[in-house]
Amino acid sequence: MTSILLENKKKFSKHKAKAQVSLHTMLMPALVFAIVFSIIPLFGLVIAFQDYKTYKGIFGSEFVYFLNFIALFKQPNFYEVLRNTIVIAVAKIIVITVLSVVMALLINEIQNDKLKKTIQVTIFLPYFLSWVLIGGVFNDMFASDGAVNNLLKIFGVHSEVNWLTKNEYFRGIIVATDVWKNLGYQVVVFLAAMTGINTSLYEAAEIDGAGHWQKCWHITIPGIKSMIVLMSILNIGNIMNAGFEQILVMYNDFVLPTGDILDTLAYRYAFPRGGLADYSFSTAVGLFKSVVSCLFFIIAYRIAFKVSDYKLF
């Protein structure tokens, strides 16, 4: 009897392996793509520990070990840049997460399907636009003779301020424009999560006399809690990515005290306006940012596991 069971188990394992051949074959192109463009390039991080010279290459450049990181920490504006990066990133994460949940709950209450789909498409469209395009539009809007100042004149406020050159406004504009662009993505994710909630729970709540707010608080929000936790973990993992492309096309020398982030600092050393590029220093900045982001991700994951027993892996 035991031999028959073992033989059947082997046959089942072989059949299962053959059935998964097609699945593994489909996975291979993506795996090769990831290895070639994501894994192999990691070797280039060795530049962060070298005095890299382009004419010598990686194998010919001298190793200086942690001197590039020491130079980064000794930068006069390092802590200012680090603070800007964290402040802008945290503000984006908090505002987008809260607003996307609220917006998804409001849209979910709309009974007219056509109106609901129209709103979803409208708020999702900016997500597909490039920051190069949007940055040019917002630069014109917030200029001294732009649409914002012209709108203020209608309400009797005469202003000729170039908003993007003022440190007191720059961070707020960066956060607001990023929310406008990326809010729709998370709203759609949360709306998709809401479709997985058992409708019988709402019917039972109505029988018990629950109102819209009570159903939202006790059924909808708990039903999408795992998705909220997942999106929060992913966002916290990107906490050191304050929006390089966005800030690059919108910032200027006037707002460096509040708008300069680690990515723009690395960019200026890799592509200086004058002089030689310092690729070693730029790579050190990028590696430092990645390590800190990884630590934030681990901490966020551990907190999510302890608070809501949520497992991503």
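This report describes the overall form, surface, charge and cysteine residues of a predicted protein model.

**Fold and dimensions**

The protein contains 16 helices and two strands. Its radius of gyration is 26 Å, whereas a compact globule of 313 residues would have a value near 20 Å. The C-alpha trace extends over about 80 × 65 × 35 Å along the principal axes. When contacts between residues at least 6 apart in sequence are considered, 65% of them join residues at least 24 apart.

**Surface and charge**

Of the 313 residues, 35% count as buried. The accessible surface amounts to about 19500 Å², and carbon and sulfur atoms account for 68% of that area. Among the side chains, 26 are positive and 20 are negative. The centres of these two sets are separated by 12 Å.

**Cysteines**

How many disulfides does the model contain? The count is zero, because a pair of cysteine sulfur atoms has to lie within 2.5 Å to qualify as a disulfide. In general terms, a disulfide is a covalent bond that joins the sulfur atoms of two cysteines. The table gives the accessibility of two cysteines, Cys 216 and Cys 294.

| Residue | Relative accessible area | Class |
|---|---|---|
| Cys 216 | 9% | buried |
| Cys 294 | 44% | partly exposed |

Cys 216 is classed as buried because its relative accessibility of 9% falls under the 20% limit. Cys 294, at 44%, is partly exposed because this value lies between the limits of 20% and 50%.

Note on methods. Residues numbered from 1 in each chain as written. Predicted model: local features only at pLDDT ≥ 70, side-chain atom pairs only at ≥ 80, totals over all residues. Heavy atoms only, no water. Buried < 20%, exposed > 50% of the residue type's maximum accessible area, 1.4 Å probe, protein only. Helix = DSSP H or I, 4+ residues; strand = E, 2+ residues; numbered from the N terminus. Rg over C-alpha atoms; globule rule 2.2 N^0.38 Å. Contact = heavy atoms within 4.5 Å. Areas by Shrake-Rupley, 256 points an atom, 1.4 Å probe, with all protein chains shown as cover. Lys, Arg positive; Asp, Glu negative; His and termini not counted. Charge placed at Lys NZ, Arg CZ, Asp CG, Glu CD.
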